[in-house]
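Please review the following briefing alongside the sequence and the coordinates. It is arranged by topic.

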Amino acid sequence: GFDLVTCGTAWHWVRAAETVAELRRVLRPGGQLALFWAINRWGDGIAWEDAQSAVFEKWDSLRGSVPPTHEGVRPSDAAADLRDRGVDVVYEREFTWERTVSRELHMRTLRTHSNNLVLSPADREQLLGEIETALQPWPEVTERLWGPLIIARFG
């Protein structure tokens, strides 16, 4: 058994019902699950964000931690979903922060986002190429991030 399982910016990828059942099996009594996310914020008239958003809108692509199937759970719904499954959520808080990164690092990070990973390789490369072109005026970007931190205890 384990005392702690962590999942960073990935809970939306798992089948929640099966994963909670497995956590009940592998966590010791009183063991905890820590979930956290780092999700980009958008839509406040920031020029580089607007340029990137225009490409996503052209592609009709969702942003954020989007469940790839109906079995995944969005970050904003994770605590309630755990409670609905009979798990004791002992801590829940939303954080916001910023970080300034090179355009290249930002592009590498976008390659890991679920909404981009679910595209075909050809579509993903085309989308990211269009974003990189749109961001050419900005050698650095200040990413505005948010994410919940959820700690749940298993009985």
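In this predicted model, Trp97 touches a set of residues remote from it in sequence: beyond its neighbours within four places, its contacts are Trp37, Ala38, Arg41, Glu143, Arg144, Leu145, Trp146 and Gly147. Trp97 itself belongs to strand β4, which spans residues 88-102.

**Surroundings of Trp97**
- The C-alpha atoms of Trp97 and Trp146 lie 6.4 Å apart, although 49 residues separate the two along the chain.
- Trp97 is partly exposed, because its relative accessible area of 33% falls between the 20% limit for buried and the 50% limit for exposed residues.

**Trp13 and the nonpolar surface patch**
- Trp13 is located in the loop that links β1 (2-8) to α1 (16-26).
- With a relative accessible area of 38%, Trp13 is partly exposed.
- Together with Leu117 and Val118, Trp13 makes up a nonpolar surface patch whose combined accessible area is about 280 Å².

**Overall architecture**
- The chain contains 6 helices and 5 strands, arranged in sequence as β-α-β-β-α-α-β-α-α-α-β.
- Along the principal axes, the C-alpha atoms occupy a box of roughly 55 × 30 × 25 Å.
- Among contacts between residues at least 6 apart in sequence, 84% connect residues at least 24 apart.

**Burial, surface and charge**
- Buried residues account for 39% of the 155 in the chain.
- The chain has an exposed area of about 8,500 Å², of which carbon and sulfur atoms contribute 51%.
- The chain carries 18 positive and 23 negative charges, and the mean positions of these two groups are 5 Å apart.

Methods
Residues are numbered from 1 along each chain as its sequence is written. This is a predicted model: local features need pLDDT of at least 70, side-chain atom pairs count only at pLDDT 80 or more; totals for chains, interfaces and linings use all residues. Side-chain values use heavy atoms; hydrogens and water are left out. Patches are made of residues with over 30% relative accessible area and no salt bridge: like charges are joined within 9 Å, nonpolar side chains (Val, Leu, Ile, Met, Phe, Trp, Tyr) within 5 Å. Accessible areas come from the Shrake-Rupley method with a 1.4 Å probe; for residues, only the protein chains shown count as cover. A salt bridge is a side-chain nitrogen of Lys or Arg within 4 Å of a carboxyl oxygen of Asp or Glu. Helices (H or I, at least four residues) and strands (E, at least two) are DSSP runs, numbered from the N terminus. Buried means under 20% relative accessible area, exposed over 50%, partly exposed in between (1.4 Å probe, protein chains only). Contact means heavy atoms within 4.5 Å. Lys and Arg count as positive and Asp and Glu as negative; His and the chain ends are not counted. The place of a charge is taken as NZ of Lys, CZ of Arg, CG of Asp or CD of Glu.
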